[in-house]
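Open the model in your viewer and keep the selection panel at hand. The tour begins with the whole chain, then goes through two helices and a pair of loops.

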Amino acid sequence: MTIIEIPAGWPADEAAALAVQRELRERLVRDEEGPAVGEGHVTGLDVAYDDERDLVAAAAVVLDARTLEVVEEATAVGRVSFPYVPGLLAFREVPTVLAALDALTADPGLLVCDGYGLAHPRRFGLACHLGVLTGRPSVGVAKNPFAFAYEEPGPARGDTSPLLAHGEEVGRAVRTRAGVKPVFVSAGHRVSLAGACAHTLHLTPRYRLPETTRRADSLCRRALAEALGDRPSPSGTPDSL
């Protein structure tokens with residue numbers, strides 16, 4: 001098994017990571033609608049950690065955007081590349097996620113991250129980070145609202161409410177199943193917030209979480225278990241900022 005090592009020159013402390021984050025944020029594209037819903041490919045990205053061994057497994061699962069059938073899957077296992085610092089979690093996993101993406105032969109299309117995009121203290125979460133680095137449209141779909149304020153959306157599937165940071169709409173709470181807790185959607189790179197919400201609803205025909213996230217979550221956990229020789233309890237990751 002090949003372990004993805006921490007790249008040379010990778011930020012080693014909070015100040016260096018913040019400087020990189022600021023530089024990358026200047027390249028963020030926020031004025032595109034994004035790909036049409038149900039066309040091309042959509043790729044789910046997720047990671048699982050083994051904190052004792054300082055390893056992270058990443059999965060990239062390409063789906064046909066119309067049928068939601070799997071087109072291709074790829075995984076990578078690497079070293080955790082940064083300490084745990086809220087707001088800088090992308091730096092822990094980006095090298096390994098990029099390795100999984102690079103292993104694909106199919107066009108990934110839209111990237112769907114288990115985490116946040118513009119719903120981030122500095123408006124540059126994992127979905128933004130990966131979108132800028134790859135040049136691909138990206139969205140974040142998180143399980144929790146982090147520290148942002150919102151009111152419960154209506155009870156029906158498709159109901160939404162704004163996710164607010166000091167009065168600024170940074171995302172939306174989206175009800176993907178009637179009467180079930182919403183997910184928290186934010187635009188990443190080259191996709192509008194309305195487009196991100198539309199894609200999320202298309203990707204959730206049966207369950208609360210997008211098919212992209214469900215499949216990538218299962219795959220990265222399996223990849224980590226295999227890397228550890230089926231030792232117990234590879235853990236998932238909290239929503240990535």
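A residue is called buried here when its relative accessible area is under 20%, exposed when over 50%, and partly exposed in between. By that count, 54% of the chain's 241 residues are buried. Keep in mind that this is a predicted model.

**Stop 1: the whole chain**

Show the chain as a cartoon. You should find 5 helices and 10 strands. The radius of gyration is 17 Å, close to the 18 Å from the globule rule for 241 residues, so the chain is as compact as a globular protein of that length. Turn the C-alpha trace along its principal axes: the spans are about 45 × 40 × 30 Å.

Now switch on the surface. The accessible area of the chain is about 10,200 Å², and carbon and sulfur atoms hold 49% of that. Colour by charge next. There are 25 positive and 32 negative charges, and their mean positions lie 3 Å apart.

How far apart in sequence are the residues that meet in the chain? Take the contacts between residues at least 6 apart: 66% of them join residues at least 24 apart.

**Stop 2: helix α3**

Select residues 126-134, which form α3. This helix is mostly covered, with 7 of its 9 residues buried. Show side chains for Leu126, Ala127, Cys128, His129, Leu130, Gly131 and Val132; these are the buried ones.

What do they pack against? Two of the partners are helices: α1 (14-25) and α2 (90-102). The strands in the list are β2 (41-50), β5 (110-113), β6 (138-142) and β9 (183-189). Colour each partner separately and look at α3 from several sides.

Then step past the end of the helix. Gly135 follows α3, and its phi is positive, near 80°.

**Stop 3: helix α5**

Move to residues 211-227, helix α5. Its 17 residues reach 24 Å from the first C-alpha to the last, close to the 24 Å expected at 1.5 Å a residue.

Mark the buried positions. They are Glu211, Thr212, Thr213, Ala216, Leu219, Cys220, Ala223, Leu224, Ala225 and Ala227. Their cover includes strands β2, β3 (55-64), β4 (70-79) and β5. Strands β2 and β5 were also among the partners of α3.

Zoom in on Glu211, which sits in α5. Is Glu211 buried or exposed? Its relative accessible area is 2%, so Glu211 counts as buried. Leaving out residues up to four places away in sequence, Glu211 touches Leu63, Leu68, Leu203, Pro205 and Arg206. Show those five as sticks around the glutamate.

Just after α5 comes Gly229. Its phi is positive too, at about 70°.

**Stop 4: two loops**

Most residues other than glycine have a negative phi. The next two selections have a positive one.

Select Asp54, in the loop between β2 and β3. Its phi is near 60°. With a relative accessibility of 41%, Asp54 is partly exposed.

Finish at His166, in the loop between β7 (160-165) and β8 (168-174). Phi is about 50° here, positive although His166 is not a glycine. Is His166 buried or exposed? Its relative accessibility is 88%, which is over the 50% cut-off, so His166 counts as exposed.

Definitions and conventions: Residues are numbered from 1 along each chain as its sequence is written. Side-chain values use heavy atoms; hydrogens and water are left out. Buried means under 20% relative accessible area, exposed over 50%, partly exposed in between (1.4 Å probe, protein chains only). Helices (H or I, at least four residues) and strands (E, at least two) are DSSP runs, numbered from the N terminus. Contact means heavy atoms within 4.5 Å. The expected span of a helix is 1.5 Å times one less than its number of residues. The radius of gyration is taken over C-alpha atoms; the globule rule is 2.2 Å times the number of residues to the power 0.38. Accessible areas come from the Shrake-Rupley method with a 1.4 Å probe; for residues, only the protein chains shown count as cover. Lys and Arg count as positive and Asp and Glu as negative; His and the chain ends are not counted. The place of a charge is taken as NZ of Lys, CZ of Arg, CG of Asp or CD of Glu.
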